[in-house]
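Let's take a walk through this one together, starting wide and then zooming in on the charged side chains. Have the viewer open as you read.

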Amino acid sequence: MPPNATSSSSTVAASSSEPPETALAPAVKCSSSTTSGSNSVFSYTSNAVTAKASVIEFGKSYHSTGICFLDHMVDQLTSHGQLGVTMKVFTTADGESSKNHHQPHVDYASGSLMDRSHDEDIFIACGASLGMALRDLVARRTALMEENTWSTSAVFLCPLDEALAEVTLKLCNTDDNEVSPSSLSCELAPYGNMPPKIGRRWIGCYRCNLTPTFFQSLFNELGAPLLLLKKMRGHNAHHVVESTFKAFARVFRACLDELTMGGSKHGCVEVGEERLASWRRKEEEERRSTLTNGCTDNDNHRTGSRSRSTKETTIEVNVDLDRCAPTASSTTIADSSDD
């Protein structure tokens, strides 16, 4: 389903006060897309800010949003979703006609928390352009599917130190009259526990309560019927926000691969499915496949390994991204020190 070529022509200036947690993204100027070779670039303008985004499979990333921590959050789609995301943000300065391209990992306001008139527009434009690019990726992946209609969903709980975030995503392609109203929920506040019951307002120059604005814009352009983001626990604002972005990357990749590759959900489960029962069922299916076929089709799995040794310990890590979550186990390495 291609993204809309235009949107409302009205504009809403970025508010100088912080928007509430549940605020919807205001109207924007326009959206558009261009194609360079096989890669499409999607552009979204909100007032003086234009964001351009493209997504490729298993590629490198480049981010220059003008807000360093937002660069870091978008990069989670590469680290945890295996997506090469390029996102460039251009801002028209007051009294100028040309747009200036921000530099990666450099704050557009030079780190000041006082003069940040473009913050909200950056979150809106970045979320929307990324949503358009992700929607295009789904469309390209499903274009060759034999089924006329399809649907997939995934839930993932992502820990990060003391924080734990849960994200639920559903993607589908059905007739409009069969789709229930789209639903977005973003329950992340308060961002940490200091000050008590209020939480942090800032992570560096990243305004915490604009996180729902980013996902609202992304959700609007992605065209998904369901996106739920919830903080299960967390005392550190950085960890709460980052675990949410990581979990979103995981569920998007799980939905994408299940639709077009027939693979596992990479540790995610279906919406409404009991997690432990799901993992045990998948383990049993894999065990039976091993007994029947003598293999688990591991040749098609994405795997990797790395080891490191010191005088005292040896650490070996083996990763299989396409295998269902195994039963937790640990191995104790004998201490080889001379003590």
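What follows goes from the whole chain to two helices, then to salt bridges and a surface patch.

First, a word of context: this is a predicted model. The protein chain folds into six helices and 14 strands. Of its 339 residues, 45% count as buried. If you look at contacts between residues at least 6 apart in sequence, 69% of them join residues at least 24 apart. On the outside, the chain exposes about 17700 Å², and carbon and sulfur atoms supply 51% of that.

Now pick out helix 3, which runs over residues 119-142. Helix 3 has 24 residues and reaches 35 Å from its first C-alpha to its last, close to the 34 Å expected at 1.5 Å a residue. How many of those residues are buried? The count is 22 of the 24, so helix 3 is largely enclosed by the rest of the structure.

Helix 5, residues 237-260, is worth a look next. It has 24 residues, which should span 34 Å at 1.5 Å a residue, and its end C-alpha atoms are 35 Å apart, which agrees. Helix 5 is mostly covered too, with 20 of its 24 residues buried. Have a look at its N-terminal end, where Asn-236 acts as a cap: a side-chain oxygen of Asn-236 sits 2.9 Å from the backbone nitrogen of His-238.

On to the charges. Side chains of opposite charge can pair when their charged atoms come close. The structure holds nine salt bridges, and a good one to start with joins Glu-57 and Arg-141, at 2.5 Å from N to O. What does this pair tie together? Glu-57 lies in strand 3 (residues 49-57) and Arg-141 in helix 3, so the bridge connects parts that are 84 residues apart in sequence. How covered are the two partners? Arg-141 counts as buried because its relative accessibility is 19%, under the 20% cut-off. Glu-57, with a relative accessible area of 24%, is partly exposed.

That pair also belongs to something wider. Glu-57, Arg-141, Arg-253 and Asp-257 are linked in a network of salt bridges.

Other bridges stay inside a single helix. In helix 3, Arg-140 and Asp-136 are four residues apart, about one turn of the helix, and they form a salt bridge whose closest N and O atoms are 2.8 Å apart. Here again the partners fall in separate accessibility classes: Arg-140 is partly exposed at 38%, while Asp-136 counts as buried at 14%.

Helix 5 has a pair of its own. Glu-242 and Lys-246 meet in a salt bridge at 3.2 Å, N to O. They are four residues apart in helix 5, so about one helical turn separates them. Are these two side chains' residues buried or exposed? Both Glu-242 and Lys-246 are buried.

To finish, turn from the charges to the nonpolar surface. Ile-315, Val-317, Val-319 and Leu-321 make a nonpolar surface patch of about 310 Å². To find it in the viewer, go to strand 14 (residues 314-320), where Ile-315 has its place.

Definitions and conventions
Residues numbered from 1 in each chain as written. Predicted model: local features only at pLDDT ≥ 70, side-chain atom pairs only at ≥ 80, totals over all residues. Heavy atoms only, no water. Salt bridge = Lys/Arg side-chain N within 4 Å of Asp/Glu carboxyl O. Helix = DSSP H or I, 4+ residues; strand = E, 2+ residues; numbered from the N terminus. Buried < 20%, exposed > 50% of the residue type's maximum accessible area, 1.4 Å probe, protein only. Patch = residues over 30% accessible without salt bridge, like charges linked within 9 Å, V, L, I, M, F, W, Y side chains within 5 Å. Areas by Shrake-Rupley, 256 points an atom, 1.4 Å probe, with all protein chains shown as cover. Expected span 1.5 Å × (residues − 1). Polar contact = N/O pair within 3.5 Å; in protein donor to acceptor, adjacent residues only side chain to side chain. Contact = heavy atoms within 4.5 Å.
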